[in-house]
Amino acid sequence: MKKGIAILGSTGSIGKQCLEVVSIFPSRLRVAAIAAKDEVDLIVEQIKKFQPRIVSVLNDDVKAKVEAKLAGVKVELYTGAEGLLKVATAADAKTVVVAIPGSLALTAVLEAVKLKKDIALATKEVLVAAGELFMNEVKAAGVKVLPIDSEHSAIAQCLRGEDKKTVKKLILTASGGPFLKTPVEKLTQMTAKEALKHPTWKMGPKITIDSATLMNKGFEVIEAHFLFGIDYANIEVVIHPESIIHSLVEFIDGSVKAQLGAPDMRVPIQYALLEEERQANHWGRLDLTKTPQLTFAKPDLTKFPCLQYAYDAGKAKGTLPAVLNAANEEAVSQFLKGKFNYDQIAVKIKAVLDQHQNKLTPGLGEIMEADELARSLLR
Ligand code: MG
(Lines give C-alpha, C1' and ligand atoms only; values in the text may rest on other atoms or scores of the structure.)
Protein backbone atom coordinates (compact mmCIF):
# COMPACT_ATOMS: atom_id res chain seq x y z
CA MET A 1 0.00 0.00 0.00
CA LYS A 2 1.21 3.48 -0.79
CA LYS A 3 2.04 5.59 2.19
CA GLY A 4 0.77 9.16 2.10
CA ILE A 5 3.23 11.80 3.22
CA ALA A 6 2.81 15.48 3.99
CA ILE A 7 5.82 17.73 3.49
CA LEU A 8 6.25 20.97 5.42
CA GLY A 9 8.81 22.82 3.32
CA SER A 10 8.51 21.13 -0.08
CA THR A 11 10.56 23.70 -2.01
CA GLY A 12 13.53 23.74 0.36
CA SER A 13 16.62 21.61 0.03
CA ILE A 14 15.27 18.70 2.13
CA GLY A 15 11.75 19.00 0.69
CA LYS A 16 12.98 18.72 -2.90
CA GLN A 17 15.09 15.69 -2.04
CA CYS A 18 12.10 14.09 -0.28
CA LEU A 19 10.14 14.47 -3.51
CA GLU A 20 13.02 12.86 -5.40
CA VAL A 21 12.81 9.90 -3.04
CA VAL A 22 9.03 9.73 -3.53
CA SER A 23 9.49 9.71 -7.31
CA ILE A 24 11.84 6.70 -7.26
CA PHE A 25 9.47 4.69 -5.04
CA PRO A 26 6.12 5.40 -6.71
CA SER A 27 4.62 2.11 -5.54
CA ARG A 28 5.49 2.86 -1.92
CA LEU A 29 5.11 6.60 -1.41
CA ARG A 30 2.64 9.25 -2.44
CA VAL A 31 2.41 12.96 -1.67
CA ALA A 32 -0.75 13.84 0.25
CA ALA A 33 0.00 17.47 1.06
CA ILE A 34 2.73 20.07 0.71
CA ALA A 35 3.49 23.39 2.35
CA ALA A 36 5.85 25.88 0.75
CA LYS A 37 6.54 29.59 0.85
CA ASP A 38 6.52 31.70 -2.29
CA GLU A 39 8.42 29.92 -5.08
CA VAL A 40 5.39 30.05 -7.39
CA ASP A 41 6.78 28.20 -10.44
CA LEU A 42 8.27 25.40 -8.39
CA ILE A 43 5.12 25.03 -6.27
CA VAL A 44 3.01 24.75 -9.44
CA GLU A 45 5.44 22.23 -10.92
CA GLN A 46 5.31 20.14 -7.72
CA ILE A 47 1.50 20.22 -7.65
CA LYS A 48 1.28 19.06 -11.27
CA LYS A 49 3.84 16.31 -10.83
CA PHE A 50 2.93 14.93 -7.39
CA GLN A 51 -0.78 15.81 -7.23
CA PRO A 52 -1.11 16.57 -3.52
CA ARG A 53 -4.68 17.08 -2.31
CA ILE A 54 -3.79 19.92 0.04
CA VAL A 55 -1.28 22.72 -0.56
CA SER A 56 -0.29 25.62 1.64
CA VAL A 57 1.62 28.74 0.60
CA LEU A 58 2.86 31.86 2.38
CA ASN A 59 -0.02 34.31 1.78
CA ASP A 60 -2.99 35.31 -0.42
CA ASP A 61 -0.76 36.99 -2.97
CA VAL A 62 1.23 33.80 -3.58
CA LYS A 63 -2.00 31.77 -3.52
CA ALA A 64 -3.49 33.92 -6.30
CA LYS A 65 -0.37 33.53 -8.45
CA VAL A 66 -0.32 29.75 -7.93
CA GLU A 67 -4.04 29.51 -8.73
CA ALA A 68 -3.58 31.48 -11.95
CA LYS A 69 -0.81 29.15 -13.14
CA LEU A 70 -2.62 25.97 -12.13
CA ALA A 71 -5.27 26.62 -14.78
CA GLY A 72 -7.96 24.47 -13.24
CA VAL A 73 -5.83 21.70 -11.65
CA LYS A 74 -7.83 20.57 -8.61
CA VAL A 75 -6.21 21.24 -5.25
CA GLU A 76 -7.21 22.68 -1.87
CA LEU A 77 -5.10 25.81 -1.39
CA TYR A 78 -4.45 27.40 2.01
CA THR A 79 -2.13 30.04 3.43
CA GLY A 80 -0.08 30.88 6.50
CA ALA A 81 -0.29 29.14 9.87
CA GLU A 82 -3.73 27.70 9.05
CA GLY A 83 -2.23 26.18 5.90
CA LEU A 84 0.65 24.58 7.79
CA LEU A 85 -1.88 23.02 10.15
CA LYS A 86 -4.02 21.72 7.25
CA VAL A 87 -0.97 20.12 5.62
CA ALA A 88 0.40 18.62 8.87
CA THR A 89 -2.99 17.14 9.73
CA ALA A 90 -4.01 15.94 6.24
CA ALA A 91 -6.18 12.86 6.78
CA ASP A 92 -4.41 10.74 4.14
CA ALA A 93 -0.87 11.45 5.40
CA LYS A 94 0.65 8.81 7.65
CA THR A 95 4.02 10.56 7.94
CA VAL A 96 4.69 14.27 8.16
CA VAL A 97 8.07 15.49 6.93
CA VAL A 98 9.06 18.56 8.91
CA ALA A 99 11.58 20.57 6.92
CA ILE A 100 10.80 24.22 7.61
CA PRO A 101 13.62 26.13 9.25
CA GLY A 102 12.83 27.72 12.60
CA SER A 103 10.13 27.22 15.19
CA LEU A 104 7.37 28.07 12.70
CA ALA A 105 6.19 24.48 12.42
CA LEU A 106 5.93 23.70 16.14
CA THR A 107 2.17 24.04 16.62
CA ALA A 108 1.35 22.15 13.43
CA VAL A 109 3.76 19.33 14.28
CA LEU A 110 2.35 18.86 17.79
CA GLU A 111 -1.15 18.62 16.25
CA ALA A 112 0.09 15.99 13.79
CA VAL A 113 1.51 13.92 16.66
CA LYS A 114 -1.83 14.09 18.50
CA LEU A 115 -3.46 12.69 15.33
CA LYS A 116 -0.99 9.78 15.54
CA LYS A 117 1.09 10.68 12.52
CA ASP A 118 4.73 9.64 12.38
CA ILE A 119 7.16 12.54 12.15
CA ALA A 120 10.12 12.52 9.77
CA LEU A 121 12.13 15.26 11.36
CA ALA A 122 14.60 17.50 9.56
CA THR A 123 13.79 20.73 11.38
CA LYS A 124 16.03 20.83 14.42
CA GLU A 125 14.04 23.48 16.25
CA VAL A 126 11.22 21.08 17.15
CA LEU A 127 13.45 19.05 19.48
CA VAL A 128 15.69 21.94 20.45
CA ALA A 129 12.93 24.39 21.42
CA ALA A 130 10.35 21.91 22.67
CA GLY A 131 12.15 18.60 23.17
CA GLU A 132 10.54 17.57 26.46
CA LEU A 133 7.06 18.58 25.39
CA PHE A 134 7.36 17.02 21.94
CA MET A 135 8.77 13.72 23.18
CA ASN A 136 6.06 13.46 25.85
CA GLU A 137 3.41 13.88 23.14
CA VAL A 138 5.22 11.37 20.95
CA LYS A 139 5.24 8.79 23.76
CA ALA A 140 1.58 9.44 24.61
CA ALA A 141 0.54 9.05 20.96
CA GLY A 142 2.85 6.08 20.33
CA VAL A 143 4.14 7.49 17.03
CA LYS A 144 7.57 7.19 15.44
CA VAL A 145 10.10 9.99 15.10
CA LEU A 146 12.22 9.23 12.03
CA PRO A 147 15.32 11.43 11.90
CA ILE A 148 16.15 13.12 8.58
CA ASP A 149 19.62 14.21 9.46
CA SER A 150 22.72 12.32 8.45
CA GLU A 151 24.04 12.12 12.03
CA HIS A 152 20.88 10.92 13.73
CA SER A 153 20.08 8.55 10.92
CA ALA A 154 23.60 7.14 11.37
CA ILE A 155 23.08 6.69 15.11
CA ALA A 156 19.67 5.08 14.59
CA GLN A 157 21.31 2.67 12.14
CA CYS A 158 24.13 1.88 14.60
CA LEU A 159 21.62 1.26 17.39
CA ARG A 160 19.51 -1.10 15.32
CA GLY A 161 19.33 -4.47 17.06
CA GLU A 162 21.24 -3.22 20.10
CA ASP A 163 20.10 -2.96 23.70
CA LYS A 164 20.02 0.72 24.73
CA LYS A 165 21.48 -0.25 28.12
CA THR A 166 24.73 -1.31 26.43
CA VAL A 167 25.40 2.13 24.92
CA LYS A 168 28.42 3.89 26.39
CA LYS A 169 28.30 7.04 24.26
CA LEU A 170 27.09 8.61 21.06
CA ILE A 171 29.73 10.26 18.87
CA LEU A 172 28.39 12.89 16.47
CA THR A 173 30.69 13.84 13.63
CA ALA A 174 30.90 17.45 12.43
CA SER A 175 32.41 18.72 9.19
CA GLY A 176 33.64 21.76 11.10
CA GLY A 177 32.14 24.18 8.57
CA PRO A 178 33.92 26.69 6.31
CA PHE A 179 35.91 28.34 9.14
CA LEU A 180 37.49 25.20 10.59
CA LYS A 181 40.97 26.35 9.58
CA THR A 182 40.38 30.10 9.78
CA PRO A 183 42.45 31.64 12.60
CA VAL A 184 40.33 33.08 15.45
CA GLU A 185 41.56 36.64 14.84
CA LYS A 186 40.35 36.49 11.23
CA LEU A 187 36.82 35.42 12.20
CA THR A 188 35.97 39.02 13.12
CA GLN A 189 36.14 39.95 9.43
CA MET A 190 34.04 37.10 8.05
CA THR A 191 30.86 38.04 6.23
CA ALA A 192 27.73 36.09 5.28
CA LYS A 193 29.10 35.41 1.80
CA GLU A 194 32.16 33.59 3.16
CA ALA A 195 30.14 31.67 5.74
CA LEU A 196 27.76 30.43 3.05
CA LYS A 197 30.46 28.30 1.39
CA HIS A 198 29.98 24.92 3.06
CA PRO A 199 32.72 22.43 2.18
CA THR A 200 30.75 19.17 1.89
CA TRP A 201 26.97 19.57 2.19
CA LYS A 202 24.66 21.68 0.05
CA MET A 203 22.02 23.18 2.32
CA GLY A 204 19.86 26.25 2.91
CA PRO A 205 21.46 29.51 4.16
CA LYS A 206 20.28 29.27 7.80
CA ILE A 207 21.68 25.78 8.39
CA THR A 208 24.88 26.62 6.50
CA ILE A 209 25.58 29.48 8.93
CA ASP A 210 24.67 27.19 11.83
CA SER A 211 27.32 24.80 10.50
CA ALA A 212 29.88 27.60 10.37
CA THR A 213 29.28 28.45 14.06
CA LEU A 214 28.87 24.76 15.08
CA MET A 215 25.49 25.76 16.54
CA ASN A 216 24.08 23.18 14.13
CA LYS A 217 26.14 20.51 15.89
CA GLY A 218 25.05 21.86 19.25
CA PHE A 219 21.41 21.51 18.17
CA GLU A 220 22.17 17.98 16.99
CA VAL A 221 23.54 17.15 20.45
CA ILE A 222 20.24 18.28 21.99
CA GLU A 223 18.29 16.34 19.36
CA ALA A 224 20.34 13.19 19.99
CA HIS A 225 19.66 13.51 23.71
CA PHE A 226 15.90 13.48 23.12
CA LEU A 227 15.76 11.03 20.21
CA PHE A 228 17.90 8.36 21.85
CA GLY A 229 17.46 9.15 25.56
CA ILE A 230 21.19 9.51 26.27
CA ASP A 231 22.66 11.88 28.88
CA TYR A 232 24.56 14.92 27.62
CA ALA A 233 27.66 13.65 29.43
CA ASN A 234 27.62 10.67 27.06
CA ILE A 235 27.24 12.59 23.79
CA GLU A 236 30.48 13.63 22.16
CA VAL A 237 31.27 15.72 19.08
CA VAL A 238 34.24 14.93 16.84
CA ILE A 239 35.37 17.09 13.93
CA HIS A 240 35.55 15.00 10.76
CA PRO A 241 35.89 17.34 7.76
CA GLU A 242 35.45 14.66 5.08
CA SER A 243 31.83 13.91 6.16
CA ILE A 244 32.18 10.21 5.28
CA ILE A 245 31.50 8.78 8.74
CA HIS A 246 28.09 10.18 9.59
CA SER A 247 28.24 9.29 13.31
CA LEU A 248 29.18 6.49 15.70
CA VAL A 249 28.05 4.64 18.80
CA GLU A 250 30.42 3.24 21.39
CA PHE A 251 29.19 0.28 23.47
CA ILE A 252 30.14 -0.80 26.98
CA ASP A 253 32.41 -3.57 25.70
CA GLY A 254 34.57 -1.06 23.82
CA SER A 255 33.11 -1.91 20.43
CA VAL A 256 32.32 1.09 18.20
CA LYS A 257 29.84 1.03 15.32
CA ALA A 258 29.90 3.69 12.63
CA GLN A 259 27.69 4.41 9.65
CA LEU A 260 29.46 5.57 6.50
CA GLY A 261 28.35 6.69 3.08
CA ALA A 262 28.79 9.31 0.38
CA PRO A 263 27.51 12.66 1.71
CA ASP A 264 24.02 12.51 0.17
CA MET A 265 20.94 13.53 2.17
CA ARG A 266 18.70 11.37 0.00
CA VAL A 267 20.04 8.29 1.81
CA PRO A 268 18.84 9.29 5.31
CA ILE A 269 15.63 10.67 3.74
CA GLN A 270 14.93 7.34 2.04
CA TYR A 271 15.76 5.44 5.26
CA ALA A 272 13.26 7.61 7.15
CA LEU A 273 10.45 7.59 4.57
CA LEU A 274 10.67 3.82 4.08
CA GLU A 275 10.75 3.42 7.88
CA GLU A 276 14.18 1.82 8.09
CA GLU A 277 13.57 -0.68 5.32
CA ARG A 278 16.53 -0.93 2.93
CA GLN A 279 15.79 -0.57 -0.78
CA ALA A 280 18.13 -0.24 -3.75
CA ASN A 281 18.60 3.16 -5.38
CA HIS A 282 20.85 4.53 -8.11
CA TRP A 283 22.72 7.19 -6.17
CA GLY A 284 26.46 7.65 -5.76
CA ARG A 285 28.33 4.99 -3.79
CA LEU A 286 31.16 5.28 -1.33
CA ASP A 287 34.44 4.01 -2.80
CA LEU A 288 36.89 3.79 0.09
CA THR A 289 39.89 3.57 -2.23
CA LYS A 290 38.93 6.93 -3.76
CA THR A 291 38.10 8.55 -0.44
CA PRO A 292 40.45 11.19 0.95
CA GLN A 293 42.20 10.29 4.17
CA LEU A 294 39.72 10.39 7.03
CA THR A 295 40.73 12.82 9.75
CA PHE A 296 39.37 13.57 13.21
CA ALA A 297 39.88 16.33 15.77
CA LYS A 298 38.42 17.69 18.98
CA PRO A 299 36.20 20.75 18.46
CA ASP A 300 37.76 24.04 19.57
CA LEU A 301 35.21 25.48 22.00
CA THR A 302 36.96 28.84 22.32
CA LYS A 303 36.72 29.34 18.59
CA PHE A 304 33.22 27.86 18.36
CA PRO A 305 31.53 28.79 21.67
CA CYS A 306 28.03 28.11 20.27
CA LEU A 307 28.62 24.38 20.68
CA GLN A 308 29.25 24.89 24.39
CA TYR A 309 26.16 27.14 24.70
CA ALA A 310 24.07 24.30 23.28
CA TYR A 311 25.44 21.75 25.77
CA ASP A 312 24.82 24.21 28.62
CA ALA A 313 21.28 25.07 27.50
CA GLY A 314 20.47 21.39 26.93
CA LYS A 315 21.60 20.46 30.43
CA ALA A 316 19.76 23.43 31.98
CA LYS A 317 16.51 22.22 30.25
CA GLY A 318 13.32 24.28 30.62
CA THR A 319 12.87 27.28 28.34
CA LEU A 320 16.61 27.89 27.88
CA PRO A 321 17.03 25.69 24.77
CA ALA A 322 14.10 27.54 23.16
CA VAL A 323 15.81 30.83 23.96
CA LEU A 324 19.06 29.54 22.49
CA ASN A 325 17.21 28.57 19.32
CA ALA A 326 15.32 31.86 18.99
CA ALA A 327 18.36 34.01 19.74
CA ASN A 328 20.35 32.03 17.19
CA GLU A 329 17.64 32.30 14.53
CA GLU A 330 17.42 36.07 14.96
CA ALA A 331 21.20 36.53 15.13
CA VAL A 332 21.73 34.46 11.97
CA SER A 333 19.00 36.34 10.16
CA GLN A 334 20.62 39.68 11.03
CA PHE A 335 24.05 38.36 10.06
CA LEU A 336 22.69 37.21 6.68
CA LYS A 337 21.38 40.74 6.16
CA GLY A 338 24.91 42.02 6.69
CA LYS A 339 24.17 43.77 10.02
CA PHE A 340 27.34 42.44 11.67
CA ASN A 341 30.25 40.10 11.13
CA TYR A 342 30.46 36.42 11.95
CA ASP A 343 32.12 36.64 15.37
CA GLN A 344 29.22 38.73 16.70
CA ILE A 345 26.68 35.90 16.26
CA ALA A 346 27.94 34.06 19.36
CA VAL A 347 28.34 37.31 21.33
CA LYS A 348 24.70 38.32 20.69
CA ILE A 349 23.38 34.86 21.55
CA LYS A 350 25.35 34.73 24.81
CA ALA A 351 23.98 38.11 25.90
CA VAL A 352 20.40 36.87 25.46
CA LEU A 353 21.08 33.55 27.24
CA ASP A 354 22.60 35.38 30.20
CA GLN A 355 19.50 37.52 30.63
CA HIS A 356 17.00 34.66 30.54
CA GLN A 357 15.15 33.48 33.63
CA ASN A 358 14.75 29.77 33.02
CA LYS A 359 11.37 28.05 33.49
CA LEU A 360 11.42 24.29 33.95
CA THR A 361 8.94 21.87 32.26
CA PRO A 362 7.35 24.61 30.14
CA GLY A 363 4.15 24.29 28.13
CA LEU A 364 3.90 25.42 24.51
CA GLY A 365 2.73 28.89 25.60
CA GLU A 366 5.74 29.44 27.84
CA ILE A 367 8.09 28.17 25.12
CA MET A 368 6.59 30.59 22.59
CA GLU A 369 6.81 33.43 25.10
CA ALA A 370 10.48 32.73 25.82
CA ASP A 371 11.08 32.49 22.07
CA GLU A 372 9.46 35.85 21.38
CA LEU A 373 11.26 37.57 24.27
CA ALA A 374 14.63 36.30 23.05
CA ARG A 375 13.97 37.59 19.55
CA SER A 376 12.85 41.01 20.73
CA LEU A 377 15.96 41.34 22.90
CA LEU A 378 18.11 40.77 19.84
CA ARG A 379 16.15 43.15 17.67
MG1 MG B 1 23.46 17.08 10.29
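**Sheet and helix arrangement in the predicted model**

Helix 6 (residues 125-141) lies across strand 5, strand 6 and strand 7, and runs at about 160° to strand 6. The model described here is predicted. Two of the strands covered by this helix, strand 5 (residues 95-98) and strand 6 (residues 118-121), pair with each other in the parallel sense over four bridges. Within this region, V97 stands opposite A120 in strand 6.

These strands belong to an open sheet of seven strands, arranged in the order 4-3-2-1-5-6-7 with parallel pairing. The edges of the sheet are formed by strand 4 (76-79) and strand 7 (145-147); each has a single partner strand, so one side of each is left without a neighbour in the sheet. From one strand to the next, the twist averages 25°. Strand 7, at an edge of the sheet, is also among the strands across which helix 6 lies.

A further packing arrangement involves two helices. The axes of helix 10 (residues 205-213) and helix 14 (residues 320-336) come within 10 Å and cross at roughly 105°. Angles of 65 to 115 degrees count as roughly perpendicular, and helix 10 and helix 14 are therefore roughly perpendicular to each other. On the side of helix 10, the contact involves P205, K206, I209 and D210, which meet N328, E329, V332, F335 and L336 in helix 14. Classified by residue type, the contact of helix 10 with helix 14 has five nonpolar, one polar and three charged residues.

Definitions and conventions. Residues numbered from 1 in each chain as written. Predicted model: local features only at pLDDT ≥ 70, side-chain atom pairs only at ≥ 80, totals over all residues. Heavy atoms only, no water. Axes fitted to C-alpha atoms, helices over the stretch in contact; angles between N-to-C directions. Parallel < 35°, antiparallel > 145°, perpendicular 65-115°, else oblique. Contact = heavy atoms within 4.5 Å. Nonpolar A, V, L, I, M, F, W, Y, C, P; charged D, E, K, R; others polar. Pairing = 2+ DSSP bridges.
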